[in-house]
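The following questions and answers examine the structure shown below. They proceed from charged pairs to the ligand and then to selected residues.

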Amino acid sequence: MGFLSVLSMAHRLISERLSPGDLAIDATAGTGADTLFLARCCGRRGKVYSFDIQSEALRLTAERLAKAAASEHALAEVALLERSHAEMKDALPQAAHGQIGGIMFNLGYLPAEGADAAIITVPDSTLTALNASLELLRPRGILTAVLYPGHPGGDQEAAQVERWASEIPGAAGQAIIYRQLQRPAAPYLVAIEKK
Ligand code: SAM
């Protein structure tokens with residue numbers, strides 16, 4: 001059986017904190033798996049803001065949501081935003097600032113056939129978005145970031161995110177790591193609970 005996968009652990013941490021009616025952010029929509037998961041957690045009265053810089057990612061996400069909505073009636077409304085997550089503070093209404101229950105990052109490239117593997121998350125905008133996320137979260141809100149040290153460029157980004165998380169003052173939040181120690185190149189998870 002083994003331990004939970006990194007993605008399942010991220011989902012578990014987020015689902016334990018989100019309730020119907022909550023607000024959430026998917027900082028990297030990709031193919032929409034996390035956006036759909038968040039839409040389920042937030043329910044019909046909740047809302048999810050989903051960011052990606054690639055229109056193809058948002059198209060795949062919209063397709064996944066539409067398929068699910070055909071048989072599920074308790075999904076949150078989702079705002080699909082073709083913008084960098086570095087702009088999330090500007091993109092969200094002021095009333096949502098400090099009210100977000102969960103924020104998910106899944107770094108790297110779009111895992112879809114024909115996608116341009118050169119379009120990846122990069123440390124500058126990732127760190128800007130992570131700092132904005134800490135402001136947008138409500139107290140006890142959860143942020144998860146899945147990091148990919150095995151991808152070109154991903155190792156540096158993972159190291160920078162890990163350093164950023166380890167430097168968050170204890171009074172601002174608690175940072176943890178979930179990682180298989182025998183596989184240093186495998187994806188791993190950093191999670192923050194805002195104080
Ligand atoms: N969570 C997704 C899923 O469930 O399929 C996987 C996300 S994928 C690993 C990373 C995504 O981040 C890609 O679709 C990429 O286009 C997007 N991305 C890269 N830079 C970005 C940025 N600055 N802002 C928002 N999204 C970005």
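**Salt bridges, ligand surroundings and buried residues**

Glutamate 56 and arginine 59 form a salt bridge in which the closest N and O atoms are 2.9 Å apart. The model is a predicted one.

Q: In which helix do glutamate 56 and arginine 59 both lie?
A: The two residues are 3 residues apart, about one turn of the helix. Their side chains pair in a salt bridge. The element that holds both is helix 3, residues 55-69.

Q: Is glutamate 56 buried, partly exposed or exposed?
A: Buried requires a relative accessible area under 20%, and exposed requires over 50%. Glutamate 56 has 33% relative accessibility. Its partner arginine 59, with a relative accessible area of 41%, is partly exposed. Because 33% falls between the two cut-offs, glutamate 56 counts as partly exposed.

Q: How many salt bridges does a search of the whole structure find?
A: Side chains of opposite charge can pair when their charged atoms come close. Among the pairs is that of arginine 17 and glutamate 193, at 2.6 Å from N to O. The search of the whole structure finds 10 salt bridges.

Q: How many residues apart in sequence are the parts tied together by arginine 17 and glutamate 193?
A: The side chains of arginine 17 and glutamate 193 meet in a salt bridge. Arginine 17 lies in the loop between helix 1 (6-15) and strand 1 (23-26), whereas glutamate 193 belongs to strand 7 (residues 188-194), so the pair ties together parts of the chain whose separation is 176 residues.
A further residue enters this arrangement, since salt bridges that share partners join Arg17, Arg140 and Glu193 into one network. The separation asked for is 176 residues.

Q: What is the approximate phi of arginine 140?
A: Arginine 140 lies in strand 5. Its phi is a positive value in a residue other than glycine. The angle is near 75 degrees.

Q: Are arginine 138 and aspartate 22 buried or exposed?
A: Arginine 138 forms a salt bridge with aspartate 22, with 2.9 Å between the closest N and O atoms. The pair links distant parts of the chain, 116 residues apart: arginine 138 is in strand 5 (residues 137-147) and aspartate 22 in the loop between helix 1 and strand 1. Both residues are buried.

Q: Which side chain has a polar atom 2.6 Å from an oxygen atom of the ligand?
A: The ligand is surrounded by 24 residues, the closest being Thr31, Asp34, Asp52, Gln54 and His85. A nitrogen atom of the ligand is 3.0 Å from a backbone N or O atom of threonine 28, and a nitrogen atom of the ligand is 3.1 Å from a side-chain N or O atom of serine 84. The pair at 2.6 Å that involves a ligand oxygen comes from the side chain of aspartate 52.

Q: What percentage of the area that the ligand exposes when taken alone does the protein bury?
A: Polar atoms of the protein reach the ligand from aspartate 52 and serine 84. Taken alone, the ligand exposes 600 Å². The share buried by the protein is 96%.

Q: Which backbone oxygen does the side chain of histidine 85 reach?
A: Histidine 85 lies in the loop between strand 3 (77-81) and helix 4. With a relative accessible area of 7%, histidine 85 is buried. Its contacts beyond four places in sequence include Thr28, Phe51 and Thr126. The side chain reaches, at 2.9 Å, the backbone oxygen of alanine 27.

Q: With which side chain does threonine 126 make a polar contact?
A: Threonine 126 lies in helix 5 (residues 123-136) and is buried, with a relative accessible area of 1%. Beyond its neighbours within four places in sequence, its contacts include His85, Leu107 and Val161. The polar contact, at 2.7 Å, is with the side chain of glutamate 157.

Q: How far apart are the end C-alpha atoms of helix 5?
A: The buried residues of helix 5 include Pro123, Ala129 and Leu136, and its buried residues pack against elements including strand 1, helix 4 and helix 6 (154-166). At 1.5 Å a residue, the 14 residues of the helix should span 20 Å. The end C-alpha atoms agree with that expectation, at 20 Å.

Key:
Residues are numbered from 1 along each chain as its sequence is written. This is a predicted model: local features need pLDDT of at least 70, side-chain atom pairs count only at pLDDT 80 or more; totals for chains, interfaces and linings use all residues. Side-chain values use heavy atoms; hydrogens and water are left out. A salt bridge is a side-chain nitrogen of Lys or Arg within 4 Å of a carboxyl oxygen of Asp or Glu. Helices (H or I, at least four residues) and strands (E, at least two) are DSSP runs, numbered from the N terminus. Buried means under 20% relative accessible area, exposed over 50%, partly exposed in between (1.4 Å probe, protein chains only). A residue is near a molecule or strand if one of its heavy atoms lies within 4 Å of it. A polar contact is a pair of N or O atoms within 3.5 Å; within protein, one must be able to donate a hydrogen and the other to accept it, and residues adjacent in sequence count only if both atoms are side-chain atoms. Accessible areas come from the Shrake-Rupley method with a 1.4 Å probe; for residues, only the protein chains shown count as cover. Contact means heavy atoms within 4.5 Å. The expected span of a helix is 1.5 Å times one less than its number of residues.
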